[in-house]
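Let's take a walk through a protein chain together. Have a look at the picture first, and then we'll go through it piece by piece.

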Amino acid sequence: MSTVVSDYFDRPCKKITKVFHSSQFMKVGDDTASYDRIKTRLRHKASLQERHMPDKINIQKDWIRRHKENEELEFALLQRITCLERVKRQKEEEQPASSLIHTPGPSNPKRQVTLAEEHYFRCQRASRALDYDKPSGSLTDEFDFLRHHRNSDGQTLAWEEDRIACALLGGCCGRRCRCCERPLRCYIMPDSGEGKEMVGFHGHCTAECGCCMRHRGFYRPDSRLKALDPELATKIAVFNKSHYVEEDSAEEAGDPVADALAVVDALKRQA
Ligand SMILES: [Zn+2]
Ligand SMILES: [Zn+2]
Ligand SMILES: [Zn+2]
């Protein structure tokens, strides 16, 4: 059993919260049996709370839902930035640098990258604000435990848990491309000693994943993100060998995909 995991396992649940914030980058490696025991213990505590203090559990569920929604927005924004960067590079290759005309309008991918980066920054701040506002309890403790511990490949245990949901929703985890296994972004973070460590931020597929667009054959931009100029959205779709579907055209046609997505959204909110 690794020191980190045995530390958690031996501590009473009440004290776990304090330890979670000491580092974002604890490694569990292959010691999955130990973290399974911690999860079982926290879940058992949560089921007791659910029976005796349902309000306390609902507050925790609401906080986790807000956290997950915010995180999913982060995934979508980083995937959109990747698509925009590719379109931008393609445009630069087609036009020699000297003849580039910078149109600062809505169809300019560079401008949209800046706006998406700004939105991403706001999401990061929202995530930090939620961390400060964390309700105590075994559900939120488990959630934090999974977010702050990584496997030997550098992905968080929370990311591991979400792979099945990603595959069921037709995401890259259900194919051999291994897109989700690669980080959406890397950060250099101070480690527990004096050095620095490269840490990846891994996500799962959203409507903005280019690889999923190729497999689905269409691109319907995530409605929670800033609306894209149709010309630029079409370029993203074409780059990914798919077709652009406008924001509200699916609802007008009573598209079952839109209905299914609405059901999935509703289920996610209940979870
Ligand atoms: Zn993929
Ligand atoms: Zn994907
Ligand atoms: Zn995935």
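Where is Asp222 found? Keep in mind as we go that this is a predicted model. Asp222 sits in a loop, and that loop runs between strand S5 (218-219) and helix H10 (230-239).

What does Asp222 touch, once residues up to four places away in sequence are not counted? Its contacts are Ala76, Thr206, Ala207 and Glu208. Take Ala76: it is 146 residues from Asp222 in sequence, yet their C-alpha atoms are 7.4 Å apart in space. Asp222 counts as partly exposed because 18 other C-beta atoms lie within 10 Å, while a buried residue needs 20 or more and an exposed one has 12 or fewer.

**The chain as a whole**

Let's zoom out. The secondary structure of the protein chain comes to 12 helices and six strands. The chain has 271 residues, and buried ones make up 27% of them. Now take the contacts in the chain with a separation of 6 or more: 68% of those are between residues 24 or more positions apart.

**Two helices**

Helix H5 covers residues 109-132, which is 24 residues. From its first C-alpha to its last it reaches 35 Å, close to the 34 Å expected at 1.5 Å a residue. Which residues are buried in H5? They are Pro109, Gln112 and Ala116. Try looking at their numbers with this in mind: an α-helix has 3.6 residues a turn, so residues three or four places apart point the same way.

Helix H6 (residues 138-148) is mostly covered, with nine of its 11 residues buried. Its buried residues run through Ser138, Leu139, Thr140, Asp141, Glu142, Phe143, Asp144, Phe145 and Leu146.

**A hairpin**

Next up are strands S3 (185-190) and S4 (residues 196-201). They form a hairpin, with five residues between them. How many bridges join S3 to S4? There are six, and the two strands run antiparallel. You can find the partners across the hairpin: Cys186 stands opposite Gly200 in S4, and Pro190 stands opposite Lys196 in S4. S3 is hardly covered, as the count of buried residues among its six residues is zero.

**Two loop residues with positive phi**

Finally, here are two residues that make a nice pair to look up. Arg178 has a positive phi although it is a residue other than glycine, and Lys241 is likewise a residue other than glycine with a positive phi.

| Residue | Phi | C-beta neighbours inside 10 Å |
|---|---|---|
| Arg178 | near 65° | 10 C-beta neighbours |
| Lys241 | near 50° | 11 C-beta neighbours |

Arg178 is found in the loop between helix H8 (163-168) and S3, so you can trace it from the hairpin we just visited. Lys241 lies in the loop between H10 and strand S6 (243-244). Are these residues buried or exposed? Arg178 counts as exposed because it has 10 C-beta neighbours inside 10 Å. Lys241 is exposed too, because 11 other C-beta atoms lie within 10 Å.

How values were computed:
Residues are numbered from 1 along each chain as its sequence is written. Chains are lettered from A and ligands numbered from 1 in the order in which they are written. This is a predicted model: local features need pLDDT of at least 70, side-chain atom pairs count only at pLDDT 80 or more; totals for chains, interfaces and linings use all residues. Helices (H or I, at least four residues) and strands (E, at least two) are DSSP runs, numbered from the N terminus. The expected span of a helix is 1.5 Å times one less than its number of residues. Two residues are in contact if their C-beta atoms, placed from the backbone, lie within 7 Å. Two strands pair if DSSP finds at least two bridges between them.
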